[in-house]
Amino acid sequence: MIIVTFNESKTEVIKAIWKTNNSDEEYNLSWDVCKSPFCGCTKLKLTIGFENSLQDVSFSYDVKSNKISSAGSDRIPELVRQFKKAMSENDHVLLNQIFHTTKIKNSNECDLDDFEPPYFPIEEIEYEALMVNYGEVFPWYQKHLFEFEGITYFLSEYYCLKSGCKCNDVTIEFVAIKDAIIINEKDPTSVNFNYQTGKWEIKEQGKGTPKCAVLVSQMNKQYPDLKKTLADRKEKMIQLYMRYKEMQGSIDRSKPVTSNARCGRNDPCYCGSGKKFKKCCGK
């Protein structure tokens with residue numbers, strides 16, 4: 001059985017103890033995860049601690065498959081076998097929570113300069129108006145969720161990273177989830193949301209979801225500081241993208257890449273924001 005101690009806000013496990021089923025023996029249980037905020041792996045490194053640290057036993061637990069493997073060896077120590085056999089459904093839930101809160105904390109607090117930036121499709125971003133999903137860059141980030149009429153809505157964020165683009169918009173797709181299943185995948189609802197002014201425009205209105213105005217209202221009610229969060233995320237994405245391009249030797253920062261096609265002032269902006277060129281990158 002795993003016994004945990006939470007912080008004051010009950011949002012983070014700060015200490016864990018494993019108590020064996022057949023005795024009164026207790027062991028300190030420490031954990032670690034991959035430090036990279038871009039890594040999508042689901043492995044949690046666990047260590048059963050003894051008074052003599054030389055006897056500590058470390059192993060890996062996959063929170064997705066619930067599988068245990070001994071770190072650096074095909075042989076699983078007897079104590080780890082006991083741990084695996086004794087695990088309850090509640091223990092799985094606790095380890096999953098430990099993993100996610102630790103990854104989110106690392107993602108929020110790490111210095112991005114300490115890590116090599118992830119892959120970005122430069123040509124698609126610069127010439128095909130591709131907007132990049134935040135979750136594809138940071139797989140373990142703090143997600144924005146809210147409930148409305150028995151449905152959970154998850155905000156999926158897409159950012160324009162095109163060089164020279166001065167827009168302050170982010171495309172927000174309202175992903176509807178019921179019973180752990182996405183129910184509007186083929187008929188999405190999304191808006192272009194300006195994180196400076198709070199103004200928004202409809203991009204897509206799905207037939208099976210409430211009106212965009214209702215969802216935006218619920219979103220703002222649940223997350224009053226959302227504008228600042230989105231602005232910070234946009235800045236992080238831009239910095240990463242610029243570093244990646246520089247590493248690829250594909251851009252001179254003093255000369256923003258522009259589209260080969262001419263864009264009329266009343267044409268849709270090439271950055272993919274959905275606005276007219278004159279009201280976006282053509283200002």
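## Charged side chains in a predicted model

Leaving aside neighbours within four places in sequence, Asp91 is in contact with Met1, Ile2 and Ala86. This is a predicted model. Asp91 makes a good starting point for a tour of the charged residues.

**A buried acid without a partner**

Asp91 sits in helix 2. Is Asp91 buried or exposed? It is buried, yet it has no salt bridge. The nearest side chain of opposite charge belongs to Lys19, and that is 13 Å away. A salt bridge needs a nitrogen of Lys or Arg within 4 Å of a carboxyl oxygen, so Lys19 does not qualify as a partner for Asp91. The Asp91 side chain does reach a backbone atom: the nitrogen of Ile2, at 3.1 Å. Ile2 is also among the residues in contact with Asp91.

**The salt bridges**

How many salt bridges does the structure hold? There are 6. The table gives some of them.

| Acidic residue | Basic residue | N to O distance |
|---|---|---|
| Asp32 | Lys35 | 2.6 Å |
| Asp113 | Arg243 | 3.7 Å |
| Glu126 | Lys245 | 3.1 Å |

Take Asp32 and Lys35 to begin with. Their closest N and O atoms are 2.6 Å apart. Asp32 has a relative accessibility of 32%, so it counts as partly exposed. Lys35 is partly exposed too, because its relative accessible area is 44%.

Next come Asp113 and Arg243, whose side chains meet in a salt bridge at 3.7 Å. This pair links distant parts of the chain, 130 residues apart. Asp113 lies in the loop between helix 2 (89-109) and helix 3 (122-127). Arg243 lies in helix 6, which covers residues 226-248. What is the exposure of each partner? Asp113 is exposed, because its relative accessible area is 58%. Arg243 is partly exposed, with a value of 22%.

**A bridge between helices, and a network**

The side chains of Glu126 and Lys245 meet in a salt bridge at 3.1 Å. This pair also joins distant parts of the chain: Glu126 is in helix 3 and Lys245 in helix 6, 119 residues apart. Both residues are buried. Which residues does the network join? Salt bridges with shared partners connect Glu126, Lys162 and Lys245 into one network.

**Two buried acids side by side**

Asp91 and Glu126 make a useful pair to look at. Asp91 is buried and has no salt bridge. Glu126 is buried and forms a salt bridge with Lys245.

Conventions. Residues numbered from 1 in each chain as written. Predicted model: local features only at pLDDT ≥ 70, side-chain atom pairs only at ≥ 80, totals over all residues. Heavy atoms only, no water. Buried < 20%, exposed > 50% of the residue type's maximum accessible area, 1.4 Å probe, protein only. Helix = DSSP H or I, 4+ residues; strand = E, 2+ residues; numbered from the N terminus. Lys, Arg positive; Asp, Glu negative; His and termini not counted. Polar contact = N/O pair within 3.5 Å; in protein donor to acceptor, adjacent residues only side chain to side chain. Contact = heavy atoms within 4.5 Å.
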